[in-house]
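Q: I would like to go through a protein model with you. Could we start once it is on screen?

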Amino acid sequence: MDTHPGFATDLLFDRYQGEVSAHPHFWAVRTPTAPDYYFGNYLLLSAAPSDRDKGWLEQSFDKLIATDPRVRHRTFQWPLAEGQNSRVAGFVATGYQYMECVVLTLERAQLLTPPDSAGAHIRPFTATDWADWLTLELEEREPDYPAESYLAYLESRQRLYQTMTDDGLGNWWGLWQGDQLAASCGLFFTATLGRFQLVRTRQAWRNRGLCKLLLARVAEQGLIRVPQLVIVADEQYHAQRVYRDLGFIPTARIASLCRWPREEEAP
């Protein structure tokens with residue numbers, strides 16, 4: 001998986017904050033400090049599963065990941081080859097959500113830089129900026145995510161990103177309009193790759209080119225350090241257009257299955 005740009009950069013965060021162990025048909029990824037982080041506690045499969053694999057995969061997840069009773073989900077991820085389709089109707093029928101993501105990459109010669117925007121100020125975060133980031137992420141979260149549990153997730157991510165920044169592995173960046181944080185993103189590094197994290201623009205400032213401007217400025221800095229940058233997006237996510245307009249090109253695909261606790265299963 002270290003040659004797959006999406007998983008190689010996922011594992012940067014997984015190994016830093018948690019535990020990754022190799023097994024014959026998968027890698028087990030655990031984040032003991034965040035047991036309810038669905039994509040921090042998962043099995044990374046070497047090949048696409050089929051419905052006949054459901055039983056032994058769930059047993060493996062429960063044995064290796066769900067030893068902590070606070071882990072109440074199951075998540076599986078795997079690489080998808082070009083043109084490959086997943087055959088997981090049996091998983092979906094029992095409550096799993098299936099998702100495909102595209103891995104986009106950018107090199108120096110591909111970067112298309114947009115013009116500056118009047119009043120936009122871009123800089124790395126300081127310690128005092130994180131409170132505004134939490135507010136931005138909470139206000140712009142998907143409506144399906146309850147505020148209380150999502151705040152706990154955000155706080156765990158904040159701790160991770162601040163610690164990685166302190167260790168010289170990257171930085172968090174913001175774009176301000178006046179004194180309001182309008183957009184933000186992180187960029188962190190392996191030896192040869194940079195991975196963007198949680199690209200977000202405040203609803204009131206969207207469709208003004210600010211996200212594109214922020215990503216371009218951060219990418220310029222990142223490409224001084226490594227030859228290639230990576231961003232992963234839901235296959236259906238509208239922001240893919242922004243990434244492609246900057247020169248990002250699709251280079252790989254990721255598929256996942258996740259089953260989280262239903263409301264009636266809550267303790």
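A: One term first: contact means heavy atoms within 4.5 Å. Please also keep in mind that this is a predicted model.

Q: Then which residues is Glu137 in contact with, apart from its neighbours within four places in sequence?
A: Glu137 is in contact with Tyr150, Leu154, Leu198 and Arg200, once those neighbours are left aside.

Q: Where is Glu137 found, and is Glu137 buried or exposed?
A: Glu137 is found in helix H4, which covers residues 130-139. Its relative accessible area is 0%, so Glu137 counts as buried.

Q: You mentioned Leu198. Where does Leu198 lie, and what is its phi?
A: Leu198 lies in strand S9. Its phi is near 45°, a positive value in a residue that is not glycine.

Q: Why point out the sign?
A: Most residues other than glycine have a negative phi.

Q: And what is the relative accessible area of Leu198?
A: The value is 24%, so Leu198 is partly exposed. Asn207 also has a positive phi, near 65°. Asn207 belongs to the loop between S9 and H6, and with a relative accessible area of 78% it is exposed.

Q: Let us turn to the interior. Which residues of the largest nonpolar core touch the most other members?
A: They are Phe196, Val199, Leu215, Leu229, Tyr243 and Phe248, out of 32 residues in that core.

Q: Which elements give two or more residues to this core?
A: The strands are S5 (97-107), S7 (170-177), S8 (180-189), S9 (193-201) and S10 (228-234), and the helices are H6 (210-225) and H7 (240-245). H6 gives the most, with nine residues.

Q: What does Leu229 touch?
A: Not counting residues up to four places away in sequence, Leu229 touches a list of residues that includes Leu104, Leu106, Leu187, Phe189, Phe196, Ala219, Leu223 and Phe248. Thr105, Gly194 and Gly222 are also among them.

Q: New topic: how many disulfides are there?
A: A search of the whole structure finds zero.

Q: Why is Cys101 not bonded to Cys258?
A: The sulfur of Cys258 is the closest cysteine sulfur to that of Cys101, but it is 12 Å away, so it is too far for a bond. Cys101 is buried, with a relative accessible area of 12%.

Q: What about Cys211, and how far away is the nearest cysteine sulfur?
A: Cys211 is in no disulfide, and the nearest cysteine sulfur, that of Cys185, is 7.5 Å away. Cys211 is buried as well, with a relative accessible area of 16%.

Q: Now helices H1 and H5: at what angle do their axes cross?
A: The axes of H1 (residues 5-17) and H5 (residues 147-166) cross at roughly 95° and come within 11 Å. H1 is therefore roughly perpendicular to H5.

Q: Which residues make the contact?
A: H1 brings in Leu12, Phe13, Tyr16 and Gln17, while H5 brings in Arg157, Leu160, Tyr161, Thr163 and Met164. By class, six of these are nonpolar, two are polar and one is charged.

Q: Last one: where is Arg70 placed?
A: Arg70 is in the loop between helix H2 (54-64) and strand S4 (74-80). Its relative accessibility is 52%, so Arg70 counts as exposed. Leaving aside neighbours within four places in sequence, Arg70 is in contact with Pro32 and Pro35.

Q: How far is Arg70 from Ala204?
A: Their C-alpha atoms are separated by 37 Å, and the two residues are 134 residues apart along the chain.

Definitions and conventions. Residues numbered from 1 in each chain as written. Predicted model: local features only at pLDDT ≥ 70, side-chain atom pairs only at ≥ 80, totals over all residues. Heavy atoms only, no water. Core = buried A, V, L, I, M, F, W, Y, C linked by side-chain atoms within 4.5 Å. Buried < 20%, exposed > 50% of the residue type's maximum accessible area, 1.4 Å probe, protein only. Helix = DSSP H or I, 4+ residues; strand = E, 2+ residues; numbered from the N terminus. Disulfide = S-S within 2.5 Å. Axes fitted to C-alpha atoms, helices over the stretch in contact; angles between N-to-C directions. Parallel < 35°, antiparallel > 145°, perpendicular 65-115°, else oblique. Nonpolar A, V, L, I, M, F, W, Y, C, P; charged D, E, K, R; others polar.
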